[in-house]
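Trainee: Please give me a close look at a single part of this model, one we can follow strand by strand and then out to its surroundings. I am new to this, so start with any term I will need.

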Amino acid sequence: MNRFPVYIPRDAVWLLQKLRGAGHTAYVVGGCVRDSLLGRTPGDWDICTSAKPEEMRRLFADKQLILTGEKHGTVAVVLHGKPYEMTTYRLDGDYRDHRHPEKVQFVDELSLDLARRDFTINAMAYAPGGEVIDLYGGQADLKAGIIRCVGDADARFAEDALRILRALRFAARLDFTLQPATAAAALAARDTLQTVSAERLYTEIDGLLSAPFAGKILAQYGEILAGAVPEILPCVGCTQPGKWHCYDVWLHSAAAVQALDTRGQDTRGARILCWAAFLHDIAKPLCRSVDADGAAHFRGHNQRGSAMTRSILRRLKAPGYLIEGVTGLVAIHDAPLPTADPEILRWLNRYGAEFLRRLCALKYADLDAHAHTPDVEKRRYDVQIFEQRMLLLAKNGCYTIRQLAVNGGDLMHAGMPAGPAVGETLNTLLQQVMDGQLPNEREALLHTVRTHAGGTR
Ligand code: ATP
Ligand code: MG
């Protein structure tokens, strides 16, 4: 009988039985146990076992195997198109023995393998027919909503600084808090994040930002995250005028991340928005000035923020599309939106509808992280009006040369000689169509061209 609260997939049970049938011990472990106990559907089912990699390879010789992790003890078996990772019980030489960072030490005991895992909620194992093996109070921490290091938090973060960000990411995903000693150790060790590779930092921060409670965790633990992105620190406590704001720059940024609505965005769009909300005001502390009347201003923080965002994302080796998307949004996040059709069409021409839809999503999140006043309401309403009109014009309007009812061939057919003048004329026609001076109709456009050509001949 499977007494586990959640059904373990048939293929994972089969792997456990096969390993056990060959005289080894084997359990599902880590994230899948945590997620199952939370009533969530696990993404992967990882298995830990006393079997060594070469024994696993022998046992599953007739299956498709992925052996890229073999030297760390991991053999993946592909069953029905899905890979299952099986890892030999090990100590993490990766982190403990800096002289031989590539080596891991295989061991026979499950308890030793659980001891090297990062958090109590990630250090539980289970096999059908038994109890959940929970040596560090993981189930109690799951119930209490706590991220707690296995063992001494200072030592665990010293072994692997990336765990600092993993703690934040799991808290943001599950709406958990860091147990006080874990939080204190993470804060004390934050600067060691500088020793972690850019790629690993990027991946963890990206996972954190896209988690459902990211904003809440940023607000609570921004000073920890500042170990990876030091530009955060001046934002903490940087006050803003009460007429518009109820938060300092950092809490405002965190609230904007929390307020983001990424529905209707594809994966890349959602990712761009998360990073843009996180970084949109990053230059405010640098741009802060105070007028004679005592009011704070942040002139130039769009452009400066865009440059800072570029340098942060480059440092983190973020993908090119993310750097372009985020810096583009930050550069105009606070610019006034056009209200008249010709200007909206010019923005569509310059930025494209997808970008402008993202800009609106960022502006809603930004405004929802302001004080709730009639002035802020009004600004939000203006964004709505812009968005509606922009989407309508994106569908029906003409704002690119390709959308004109005539093309270069038509112009030459009408008597215009080939050459740069063709492109220039098309562009002039587009400007006139966008301005509403000409309808986007073939005859009207050709008539204008003929008249113009006749006049200059
Ligand atoms: P996710 O749903 O994000 O995949 P997960 O818990 O499965 O969550 P993984 O990164 O896939 O996380 O790692 C699997 C398990 O390996 C973890 O549950 C944890 O027990 C252990 N682990 C992973 N990374 C570390 C680390 N840096 N230090 C210690 N243990 C780790
Ligand atoms: Mg996993």
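Mentor: Let's begin with angles: an axis is a line fitted to C-alpha atoms, for a helix over the stretch in contact, and the angle between two axes runs from 0 to 180 degrees between their N-to-C directions. Keep in mind that this is a predicted model.

Now find helix α1, residues 10-21, which lies across β1 (26-29), β2 (47-49), β4 and β5. Against β1, α1 runs at about 150 degrees.

The strands under α1 lead us to the part I would like you to look at. Seven strands make up an open sheet, and reading across gives β3-β4-β5-β2-β1-β8-β9, with mixed pairing. The edges belong to β3 (64-66) and β9 (133-134); each has a single partner strand, so one side of each is left without a neighbour in the sheet.

Let's stay with β5 for a while. Strand β5 (residues 82-88) pairs with β4 (residues 74-79) in the antiparallel sense, over six bridges. You can check two of the matches yourself: V75 has M86 in β5 as its bridge partner, and V78 stands opposite P83 in β5. The hairpin of β4 and β5 has two residues between the strands, and there H80 takes a positive phi near 50 degrees.

On to the pairing of β5 with β2. These two strands pair in the parallel sense, over three bridges. Here T49 stands opposite T88 in β5. This is what "mixed" looks like for one strand: β5 is antiparallel to β4 and parallel to β2.

From β5 we can step out to the largest pocket, which holds about 950 Å³ of space. It is lined by 33 residues, and the closest to its centre are D46, R90, R116, R117 and R166. Strand β5 is among the elements that give two or more residues to this lining, together with α2 (31-37), α4 (93-96), α8 (162-174) and α10 (198-209). The largest share, six residues, comes from α8. By class, the lining divides into 18 charged, eight polar and seven nonpolar residues.

Two of those lining helices, α8 and α10, are also linked to each other. Side chains of opposite charge can pair when their charged atoms come close. In this model the side chains of E204 and R169 meet in a salt bridge, at 2.6 Å from N to O. Because E204 lies in helix α10 and R169 in helix α8, the pair ties together parts that are 35 residues apart in sequence. A search of the whole structure finds 27 salt bridges.

Follow α10 one step further and you meet helix α11 (residues 214-225). The axes of α10 and α11 come within 10 Å and cross at roughly 145 degrees. On the α10 side the contact is made by I205, L208 and L209, and on the α11 side by A214, I217, L218 and L225. The class count for this contact is seven nonpolar, no polar and no charged residues. Set that beside the lining of the largest pocket, with its 18 charged residues, and you have two very useful places to practise reading side chains.

So here is your route to retrace on screen: start at α1 lying across its strands, move to β5 between its partners in the sheet order, go on to the pocket that β5 helps to line, and finish where α10 meets α11.

Technical notes
Residues numbered from 1 in each chain as written. Chains lettered and ligands numbered in written order. Predicted model: local features only at pLDDT ≥ 70, side-chain atom pairs only at ≥ 80, totals over all residues. Heavy atoms only, no water. Pairing = 2+ DSSP bridges. Helix = DSSP H or I, 4+ residues; strand = E, 2+ residues; numbered from the N terminus. Contact = heavy atoms within 4.5 Å. 1 Å grid on protein atoms, 1.4 Å probe; cavity = no way out; pocket = protein on both sides within 12 Å on 5 of 7 lines; lining within 4 Å. Points joined across faces, edges and corners; volume = space filled by probe spheres on them. Nonpolar A, V, L, I, M, F, W, Y, C, P; charged D, E, K, R; others polar. Salt bridge = Lys/Arg side-chain N within 4 Å of Asp/Glu carboxyl O.
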